[in-house]
Each structure stands twice: as structure tokens, then as C-alpha cells.
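User: Please take a close look at the largest pocket of this model. Which residues line the largest pocket nearest its centre, and which helix and strands supply its lining?

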Amino acid sequence: MRHSDYRGLEKNAHAFDEEYEGLSARSVDEHNYSYPFSPNSSGEFMTDTSNKQEHSLLAFVAPKSKNKKKNKDTSTVNKVVEEPSNFDDKIPQTRGRDAARPYSDFQFEMEPEDDLRKPPNQATTNRSSHLDTLPARIATLKISERIDRSVSPQKQSRSTLDSPSITPRQGVSPVAASRRTETTTPSVTSTLKRRPLAADRTNTLDDYKLRLEGRDLLNLVVVGHVDAGKSTLMGHLLVKLKVVDDRAMHKNKSEAARLGKESFSYAFVLDESEEERQRGVTMDIAQAQFKTDTKLVNVLDAPGHKDFIPNMINGAAQADVAILVVDSRRGEFETGFEFGGQTREHALLVRSLGVSQLICAVNKMDAIDWSQERFEEIVKKLSTFLKSSGYKESDIVFVPVSGWTGENLITPTKSPLSWYTKEANTPDTLTNGIIRGKTLIDLIDRLKPPERPIAKPFRLCITDVFRATGVGAGTVSIAGRIDCGGIEVNDRVLLRPSNDLVTIKTIQIENANVPSAFAGDSIILHMQGVDPTHLFVGNVVCDPEYPIPCATRIQARIIIFNITTPILPGTPVVFHFKSIQEQGKIISLVEELDRVTGELKRQRPRLLTKNSSGVVEIALHRQICCELYSNVKELGRFMLRQSGLTMAAGIITKIIE
């Protein structure tokens, strides 16, 4: 509805006061709105909030009647704010919105076709409440703050759909953040303590198990120092597993020869962008999928260069297990393992982000003639460091490989690895981190998948936003990994923090349409009914019955790494959470804890030094969607970095505001 339609009504609001006293206000447009006119606030409409349950967050996502027809002619969305009431007791309460209606409405950004829809055979009734029950605060709908957004995606203008904000971005733009002023309420922060009122998904779970073909789903991230051979190793593994056909591999070899990088032909399997191939460095997360005897593995190839640590954190946050690739050549291993090297930092990062099982692939063994002495030297150094970083000895395993020649990837290599070959009729035992005779694919098949929080409310953090072709007009696509819960086609979900209620049109996994997806799946969602200007990398799609909290100030428990400058109140930090990086600062030091036992050492410490632990309060420049670590572990972990170095890792223990 155009704003000009309201002007005549706004100017004559006082004149209508006597005419409509004791009666519901007439409709202000063709959608049968029943808002009363306010004699004391020009240009505003008033709604009665005496029924607090009616205007709660749960009322916002309450199920709507299915037998009502949607009206797609309007493009205005109402925004509700609260103001103090200045009305006297002479104003009859019967002019407010009917509290006894059997239908529900939205409080936050109400859509016209969903607001005040009455059954056709039911007449409007007037309320007869007493005057003294008028609440002290009322909610007003300000026309001046309306957001002109199309309800029907098919009727959106081309300029809106072609907005540059559809492209993948890091964080939330300042423009969009200014629209989001809602704060976390106690009812929101405690949502995960209750089981969602979801429909019976027995058949859906059966389809999910059928899709996995009896295998366990595993998300595997590959990390390590730059030029350790990560992309070449995983590319050659995919070629040997027939995931990449001969035609594609021939094309990669021709492209590598044209660029003068013949040794990068296997790396081009995962490094697909022109810039990555020109520079010979992985810059963003590359994904692939393969199957073993008992696992369905999603591979995430993370960049190793220190300039792309934020992308590496994004990939590690989606992983269940990890492969740490190290260069076995003398001097190269030491460069990555020394202070400031990415071998050490990546191992700390993946452990801080919840990865507990680690395969250490000692790569480029062909360059050192498969030396047993050098292999055992690397195993000894890495084992000592990894155990001090929080890994269990039983969760670390080492394997000698060659990504370029492909030896010991799928089939055992006996001639150069006679010292690694297992004797016949001997059990597979882990001795000093080594299981003799096992190939890389055998060790991947041996990994244990984590427990999936399928029973919790749906949560998906957006890692990419784009426009796909062939999915219909007005459809916007997002990518991400489901952190908890499940989703089906045609489900209604809530986009936070913009509070848009959208419909899932299709779900894709590895370019194949599926009817449903659950926790652990990396998926692409094609959605309808969403304003593209509200979609950003880092936003969260969630269950409308149980929306995820948004916060700008949190309390967290952190573990500080080997830093050179102590942490003081007011220290600026870069807050790395899932796929976003947000500017913030540590505003106060609450407690200092013992790093090993977690016991309290002192209250309100003056500073926190290296290799210590404590509880701090962090203020963020813009709000993020997060959960308490005790509710959802995947959405409760974060990293703190400063000046290109990782300072600390932490978990969210309290959402303050």
C-alpha cells in the first residue's frame, strides 16, 4: 500500500475521534486493517498490548490458518516499536485491536496478508473492557519507519533482485545492522531447553538413512602450512577414487602445462578459480565428496597461507575431523612448525573449534627417499606438541604418503615402505601414533563420527549467498552446514536477525535435490519470500518456533595462547565466529581460572597473560546470532585474533544483551 493513501487519514485523525468512539476503527485499506486512530500521535496507528502473550516472540511465529487466500497486491511491511502512552482514561478501550480474535498476528515486521485475517463468516465484535485496564505502554505502527518490501518474490523489481548485497559477503553490512534493534529476551535465550513441537519425521529419517546407504556422515577438513601439498594430496585421492573422471583430469593437466605448473595438475581438482591457479595458492574453501566402505565424507580443503586464516576458520568450524598435512622435507617442516608457522596455528585452531580426531599425513616422503628416521623424528615432535594442545594420544595417528606419486593413499606400498608394512597375522595396534600397514583411506574409514543433534531446533549458519539459475523467479539461494535439527521441503523458517519468515522451495546436496536434510549435512537452500537485501553471510536460518538469540555483548570463557602482549580491559579484538569476523573489544576481565583444573584463581584480575584462562565480557560492534555453548556447541565456539595472530579461543557462557 502506498504511503500517500494514509495522508488524508493522518491529517484528520482528531476529527475521527468522536465519530469512531466505542467502535472498532474502520479499515484503512482493502486488507481490512482494524487499527484505531490516535488523537495524541499524528501519523501513527495504535494497537492494544494488554494481551502480552499475543505480542510475544512466539506469537510472531505462530502457525497461520491454511484456508486463507494470500493477497499479493501490497508491498508494505509494518514495523512495531514501543512508546510510552500519553492517553487519558477517557479513551475507550473498545477502539483497540480485538483481543478475542481466534487468529494470530505478527509483532515484528508484520506482513499485510498475514495480519488480521478473519474467517469470512465471522462478524467483527467490539470489546467491552474497563477503561482502567488500558496498559501503560502501547505498541505503535509508524508509517515513517515502514520498509517497502514486496511480499511476493515474483513481483519484486529487477533492481531489488539485482542488488549487489546478494553476492557473498563477510559479516553484516552497517545498513542492514541499523534496521535490527531487537534485543535478546529471556524467553529467547532459553528456547533450546524445550523440545521443539515438530511433526513426526519418522519417514523423513528413514529417507535420510536410505540416502546415506548405511554409511556414517563425516565432515573432514584438510589443514596445514602453505605449500605442504594439501590440494595435491586430496586431488590425487579423488582421482584414485574415481570421483574425478579422466576427461576432467586431462583438462587440468593441459591447464597446468599452459601455466607452467605441471606439478599442480592434481591441485587444480580443488583449486578451480582462475586466481588460485595463477597464484598456485588455495585462497578459499573447496569442497568435494567421496565414499569409503563405511563413511560418506565431505572434504573441505582449507587455505594454508596466513593471509587466509579467516577462510580456514570458516572451514574448520564446519568439520568433525581433520587431516593435518606436513611437509617432510628438511627445513620445510621446521618452517611450518616453528612459532608463527601455520602447522602449529592450524592444529590449535581446529582443536579449539571442536575437532578432536586428527590424522597427520607426512607428505612428500618421495622427496626424502621414504626415510624412516626422518618420519619418526617428525612424529616425535608433532606428538609432543599435539598432546600439549589438548589432543588425546589415542585420537592422533600418523601416516607417510606422497601426494604427487599417489603412494600409500589407497593401496599399500611395500617396496619403499618396507619398514611401515605390517607383518602377516598381526593385529592393528596403535603404537606411538602409528598403525603399520594402514593407508590414508584406511585411516579415514577408521574415524568415528560425532553424535548429531537432530532432536534440537533447526539451525543453519549461512556461508554463501547467490542466485542460482533454473530454480524459479524470485528465488534466492544460500549455502551452509546444518548445525542442529532438520529441515524439509516447503518448511517455513525464520531468517535472523532480520526476522523474515521464508519458505524452503528446494534442498540440494551435491547438486541433487533431496526431500530433507539433517544436522551435519552441507546443503544449498532455495528460498522464496525473502528480501535479498536481508541476506548476508553469517546470518542464521532457524526454527520459527525457537528463534536463535542475537547478541552484541557476551560473557565467555577463553583460553589464551602464546601471546606476547597481555590482555587488558579495552583490548580490541577481531571476533571470529563461524563464517563472520566482527570487530569488538574486551570490556572487562571477570575471573582468572586455572587452565588445567578450571578452578577460580582471582576475581577481577588486572590482566591475563599468555597460556592462561579466564572469563571475560566482550562487546561487539554489530550483533551476531549465537547460542550458549551448553545449548549448542557448534554455535557457542569462537576465536579471538589481533594483528594477524590468534590470541585466544573461547566458548559463550552468557548472553548479556
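Analyst: The chain holds 15 helices and 27 strands, these being DSSP runs numbered from the N terminus (helices H or I, at least four residues; strands E, at least two). This is a predicted model, in which local features need pLDDT of at least 70 and side-chain atom pairs count only at pLDDT 80 or more, while totals for chains, interfaces and linings use all residues. Residues are numbered from 1 along each chain as its sequence is written, and side-chain values use heavy atoms, with hydrogens and water left out.

The largest pocket (on a 1 Å grid over the protein atoms alone, an open set of points where a 1.4 Å probe fits, with protein on both sides within 12 Å along at least five of seven lines) has a volume of about 1500 Å³, that is, the space filled by probe spheres set on the points, which are joined across faces, edges and corners. Its lining, meaning residues with an atom within 4 Å of a point, comprises 47 residues, and Arg351, Ser352, Gly354, Tyr629 and Arg637 lie nearest the centre. At least two lining residues each come from helix H13 (342-352) and strands S13 (476-484), S21 (550-560) and S27 (645-655), with S13 giving the most, 4 residues. The lining divides into 19 nonpolar, 12 polar and 16 charged residues, where Ala, Val, Leu, Ile, Met, Phe, Trp, Tyr, Cys and Pro count as nonpolar, Asp, Glu, Lys and Arg as charged, and the others, Gly among them, as polar.

As for confidence, the mean pLDDT (the predictor's confidence in each residue, from 0 to 100) of the chain is 74, and 69% of its residues reach 70 or more.
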